[in-house]
Amino acid sequence: MAARKPKLCVVTTGGTITMARDAEGVAQSAEAAGAVEGLLAPLRDRYGFEVVSFPLRDSTDMTPEDWDAIRQEIARQRVRGIEGMVVTHGTDTLAYAAATLAFLCGPPPLRLPVVLTGSQRTPEAKDYDGGRNFAAACAAAASDLGEVAVVFHGQIWRGCRVEKVSLDDLNGFRSPEPHGLGRVAEDGTVTLHRDAARRGGTPPPPLWEPGVRPADRVLSVAVSPGLDPRPYLEMVRRDAGWRGVVLQGWGAGHVPSRPSCDWVELVRASTERGLPVLLTAGLASGRGRASDYAVGRAVLKAGAIPIGGMVTPAAVMKFRLLIATADRQEHPRVAFVREQMAASAFGERGGRPPAGNARDIVTP
């Protein structure tokens, strides 16, 4: 009797993994059917596949609405006997997609693992990595994993603890931890780290109300030397539609505060108007360390919310989801977002997800 094949659902969204180059060498979205079949064919003796094709887009054109549509598809497949989800996605915003799906699908353990993957090379390249990444993603989706994850170059990364760090390296993603959630060997063997949540059991209740999406109208500014904060300060003061601010500083979260270039005043004015300000750092290393410089202390005293060791994609998407939740549930926006950014229900700050405390992060 033939061995039973795990049933996987593959959601295609486009990206380099299924692109083709035109006569001028420009990578363009290819016809989904042919490109995806090239990924599926070598694995059909191992898995049963169902393919759901979303409109093919470069990942720079993907939005939270697209990711929520994927989340809805995951919910549909969960009741149809599907045992794992694989999402092919462009790499530029893949970490943002993974973080958003991790938060929307709920705290681990998940009964249905969701694995995102893509490629750094287009299919015609000699070192095309899409086939290997896709095969590894399928193995992870059929394993005992119980989380949203990114699989790339044989590594399994937690969806809310990963970011893209290279355009050229085939191992283009990293996490703050020295290890990921596990590895996938060349033969498809999956080894999970002890911090990885296993599928099954009773999952914690959802943290977000049905239909909640990351807030839009969030002002995002990357500070550069000598950049005048006054136009942004006027935007905050004149436009009542803003819902929050993401401010990228330097080092451990430093922004200029001298009178001719005072970004601390922007933080203070925004906070006083009920706009939470998330302070992200430009360097991956040291994000979890509190600043011991006066410039770092000043911006926090003015009301900025530190990133707290989170990777930027997860911190930004969680921040926007919390703003939307605060507005929907009529919580004081700044206090609510500050409190919940310091919590960790998904392992977004590292370590094993504290599933036992997950129900307390958002009040229904």
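This briefing walks through some strands, helices and a pocket of the structure above. The model is predicted, so please read every value here as computed from that prediction. We start with strand β7, which is enclosed by the rest of the structure, then move to two helices, an open sheet of four strands and the second largest pocket.

**Strand β7 and its partners**

- Strand β7 covers residues 148-152, and five of its five residues are buried, so β7 is largely enclosed by the rest of the structure.
- In a regular strand, side chains take turns pointing to one face of the sheet and then the other.
- In β7, Val148, Val150 and Phe152 lie on one side, while Ala149 and Val151 lie on the other, and all of them are buried, which leaves both faces covered.
- Strand β6 (residues 114-117) runs parallel to β7 and is joined to it by three bridges.
- To find this pairing in the model, look for valine 115, which stands opposite alanine 149 in β7.
- Between β6 and β7 the chain passes through α4, and this β-α-β crossover is left-handed.
- Strand β8 (residues 155-158) also pairs with β7, here in the antiparallel sense and over four bridges.
- In that pairing, isoleucine 156 of β8 sits opposite valine 151.
- β7 and β8 make a hairpin with two residues between them, and histidine 153 in the turn has a positive phi of about 55 degrees.

**Two mostly covered helices**

- Helix α3 (residues 94-105) has 12 residues, and the distance from its first C-alpha to its last is 16 Å, close to the 16 Å expected at 1.5 Å a residue.
- Of the 12 residues in α3, 11 are buried, including Leu94, Thr100, Phe103 and Cys105.
- Helix α8 (residues 312-329) has 18 residues, which should span 26 Å at 1.5 Å a residue; the C-alpha atoms at its ends are 25 Å apart, so the two values agree.
- α8 is mostly covered too, with 16 of its 18 residues buried.
- Just after α8 comes glutamate 330, which takes a positive phi of about 60 degrees.

**The open sheet of four strands**

- The strands of this sheet follow the order β13-β14-β15-β16, and their pairing is parallel.
- β13 and β16 (305-306) are the edge strands, each pairing on one side only.
- β13 (residues 218-222) pairs with β14 (residues 244-248) in the parallel sense over five bridges.
- Alanine 222 is a handy landmark here, as it stands opposite glutamine 248 in β14.
- Together with helix α5 (residues 230-238), β13 and β14 make a right-handed β-α-β unit.

**The second largest pocket**

- Rolling a probe the size of a water molecule over the atoms shows where empty space is left.
- The second largest pocket holds about 300 Å³ of space.
- Its lining has 15 residues, and those nearest the centre of the pocket are Arg132, Ala136, Val184, Ala185 and Glu186.
- Two elements, α4 (130-141) and β11 (182-184), give two or more residues to this lining.
- The most comes from α4, which gives four residues; this is the helix that the chain passes through on its way from β6 to β7.
- What classes of residue make up the lining of the second largest pocket? There are five nonpolar, four polar and six charged residues.

How values were computed. Residues numbered from 1 in each chain as written. Predicted model: local features only at pLDDT ≥ 70, side-chain atom pairs only at ≥ 80, totals over all residues. Heavy atoms only, no water. Pairing = 2+ DSSP bridges. Right-handed = clockwise from strand over helix to strand, strands pointing away. 1 Å grid on protein atoms, 1.4 Å probe; cavity = no way out; pocket = protein on both sides within 12 Å on 5 of 7 lines; lining within 4 Å. Points joined across faces, edges and corners; volume = space filled by probe spheres on them. Nonpolar A, V, L, I, M, F, W, Y, C, P; charged D, E, K, R; others polar. Expected span 1.5 Å × (residues − 1). Buried < 20%, exposed > 50% of the residue type's maximum accessible area, 1.4 Å probe, protein only.
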